[in-house]
Amino acid sequence: MPSSLAPLTDRVWTDQLERHVGEPVELKGWLHRLRRLAEVSFLILRDARGTAQVVIHDAALVERIAALQNESVLSVRGGVVAEPQAPGGVEIHEPEITVISEAQEAPPFDLYRPVIRAQLPTILDSAPVALRHPRRRAYFAMQAASMAGFRQTLRQLRFTEIQTPKIVGSATESGANVFALDYFGRPAYLAQSPQFYKQVMVGVFERVYEVGPVFRAEPHDTARHINEYVSLDAEMGFIENERTVMAVLTEVIRGMAAAIGEEAASALALLGITLPEVPGVIPDVHFLDAQAMITAATGEDLSHEPDLSPANERWLGEWARREHGSDFVFVRGFPMSKRPFYTARDPERPDFAAGFDLLFRGMELVTGGQRLHRYQDYVDEITRRGDDPANYADYLMAFRHGMPPHGGFAIGLERWIGQLVDAANIRETTLFPRDINRLSP
RNA sequence: GGCCCCGUGGUGUAGCCUGGCCUAACACGCCACCCUGUCAAGGUGGAGAUCGUCGGUUCAAAUCCGAUCGGGGUCGCCA
């Protein structure tokens, strides 16, 4: 028998039943719930797209199904009937049911309720089954659509997708903690970001992007930090200044939101979420002006603060919504003292970076900016910071051999979804979170 | 790492301060039965927890004390 795609292509999903009214179909999926009544019972079958109601009158068949635990895998053949009383307006009648795989025990919590009634640690401990819950699945459908939108937007702008190594030989970048590992007896590290490699690749493709994991060994324990997350990175050459990067980022965010609207519409509907409007031009504010506004409004003295606190970011998020009707706001020109060495300076205010953060509903979502591109600037900056350019020889090779003005950004995927769905904790929008206490599942 | 808080059936909680009536309660799940259309269905009954672990105080400990393990919040650190 030749191999065939038929088992996949012939599949009828629960969200397509309206198209099959009056026809016999075969559905496959999980036993979501059985509601038993005296004369009639309702089997709710769940597949990757949704749920369908199966009406059973046969008492013997009800007994067979009642003996199964929820989440058993079934095949259901029956006729599709339009029925106003049915959820969704269609249901399956006169079913013939085959048990494909029997669940061994009941789920640790009810997957058929509108929301899982368990605490986050319990949900995360049971991730293989908890992720099946329609609401939790919806988060990750939005995540998948976001990645697709990111890629699609950048491809249209002639960016090339790359994959850079996650095992690296030097701890690079700032003093942020890195995970060390044993690489055949030599020390190695998990990459904290694709920063160096994506810059190097600007010398090859001019415009590159990458979707991949980054690793942070910081021992923080907060609702917005995890130790492995997905970074949506882009880097581009021949920019005018950081404004070019901001314009590209605006398009990318717009593309990601649009992709969610197109590819994850049912997830949005299930969660009752309205997509944010991405303004044609996202409002921006200089770091110093942001601080001045916060001080004027709250009396908080920020004159010696080189960064914005989470509370400051929340204030700016509210300000952007109030004053500009925008869920997004750029903060430009952070002090150089807190920025990594490859950061380009604002030519008019050299103590401040030619870079930005993008806040989304009061949380930092993206960091980006223009980078240095002249070899001597790198040597000077690394030396000024008390480091040795020789430690960065491989990276600096790109600049020794000529690089254009360039810049880029990195979006935190889990934060993007977390803010969209108003999650209290970033772990809710992370498939299998890795944090200081959690290494499994 | 600092400070604060919490560990009670599969899940979520009550009880703890003011020790004994705790043979540990309630809701959901699970098991059995009932109910002509459910849709977070509804009803009746049942099983299931030596109250994280170890030690101490006491006639008596889920309850008080100590240690330990696990978890949460917050601040700090942190592209």
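This passage walks through the overall build of chain A and then a handful of its local features.

The model is a predicted one. Chain A runs to 441 residues, with 49% of them buried, and its secondary structure adds up to 13 helices and 18 strands. Along the principal axes, the C-alpha atoms take up a box of roughly 80 × 55 × 40 Å. If one looks at contacts between residues at least 6 apart in sequence, 65% of these link residues at least 24 apart. The chain exposes about 21900 Å², and carbon and sulfur atoms account for 51% of that. On the charge side, there are 45 positive and 59 negative side chains, yet the centres of the two sets sit 1 Å apart.

Helix 6, spanning residues 195–205, is a good place to start on the details. Its buried residues are Gln195, Phe196, Lys198, Gln199 and Val202. A general point about helices helps in reading that list: an α-helix has 3.6 residues a turn, so residues three or four places apart point the same way. The cover over the buried residues of helix 6 comes from several elements, among them strand 10 (207–215), strand 11 (228–237) and strand 17 (363–371). Helix 11 (375–384), helix 12 (393–400) and strand 18 (406–412) also belong to that cover. Just past the end of helix 6, glutamate 206 adopts a positive phi of about 70°.

One of the buried residues of this helix carries a charge: lysine 198 counts as buried because its relative accessibility is 3%, under the 20% cut-off. Its side chain meets that of glutamate 235 in a salt bridge, at 3.5 Å from N to O. Since lysine 198 belongs to helix 6 and glutamate 235 to strand 11, the pair ties together parts that are 37 residues apart in sequence. Glutamate 235 is buried too, at 0% relative accessibility.

The structure has 24 salt bridges in all. Another of them pairs aspartate 125 with arginine 438, whose closest N and O atoms are 2.8 Å apart. Aspartate 125 sits in helix 3 (residues 120–125) and arginine 438 in the segment after helix 13, so this bridge ties together parts that are 313 residues apart in sequence. Arginine 438 has a relative accessible area of 13% and is buried. A further bridge joins the side chains of aspartate 327 and arginine 321 (3.0 Å, N to O). Here the two partners are placed as follows: aspartate 327 is buried, at a relative accessible area of 13%, whereas arginine 321 is partly exposed, at 44%. Salt bridges with shared partners also build a network, made up of Lys198, Asp233, Glu235 and Arg371, which brings the story back to the lysine of helix 6.

Glutamate 428 goes without such a partner: this residue is buried but has no salt bridge. The nearest side chain of opposite charge belongs to arginine 136, 5.1 Å away, and a salt bridge would need the nitrogen within 4 Å of a carboxyl oxygen. Glutamate 428 is found in the segment after helix 13 (413–420). Leaving out residues up to four places away in sequence, glutamate 428 touches Leu120, Arg136, Tyr139, Phe140 and Ala423.

Serine 75, in strand 4 (residues 73–82), is another buried residue, at 4% relative accessibility. Setting aside neighbours within four places in sequence, serine 75 is in contact with Glu26, Leu27 and Lys28, and also with Glu96, Ile97, Thr98 and Ile100. Alanine 265 lies 190 residues from serine 75 along the chain, and their C-alpha atoms are 27 Å apart.

Two patches turn up on the surface. A nonpolar one of about 360 Å² is formed by Ile167, Tyr183 and Phe184. Isoleucine 167 is part of strand 7 (residues 167–168) and is partly exposed, with a relative accessible area of 43%. The other patch is one of negative charge, where Glu300, Asp301, Glu305 and Asp307 gather. Aspartate 301 is located in the loop between helix 9 (287–298) and helix 10 (310–324). At 56% relative accessibility, aspartate 301 counts as exposed, because the cut-off for that class is over 50%.

Methods. Residues are numbered from 1 along each chain as its sequence is written. Chains are lettered from A and ligands numbered from 1 in the order in which they are written. Side-chain values use heavy atoms; hydrogens and water are left out. Buried means under 20% relative accessible area, exposed over 50%, partly exposed in between (1.4 Å probe, protein chains only). Helices (H or I, at least four residues) and strands (E, at least two) are DSSP runs, numbered from the N terminus. Contact means heavy atoms within 4.5 Å. Patches are made of residues with over 30% relative accessible area and no salt bridge: like charges are joined within 9 Å, nonpolar side chains (Val, Leu, Ile, Met, Phe, Trp, Tyr) within 5 Å. Accessible areas come from the Shrake-Rupley method with a 1.4 Å probe; for residues, only the protein chains shown count as cover. Lys and Arg count as positive and Asp and Glu as negative; His and the chain ends are not counted. The place of a charge is taken as NZ of Lys, CZ of Arg, CG of Asp or CD of Glu.
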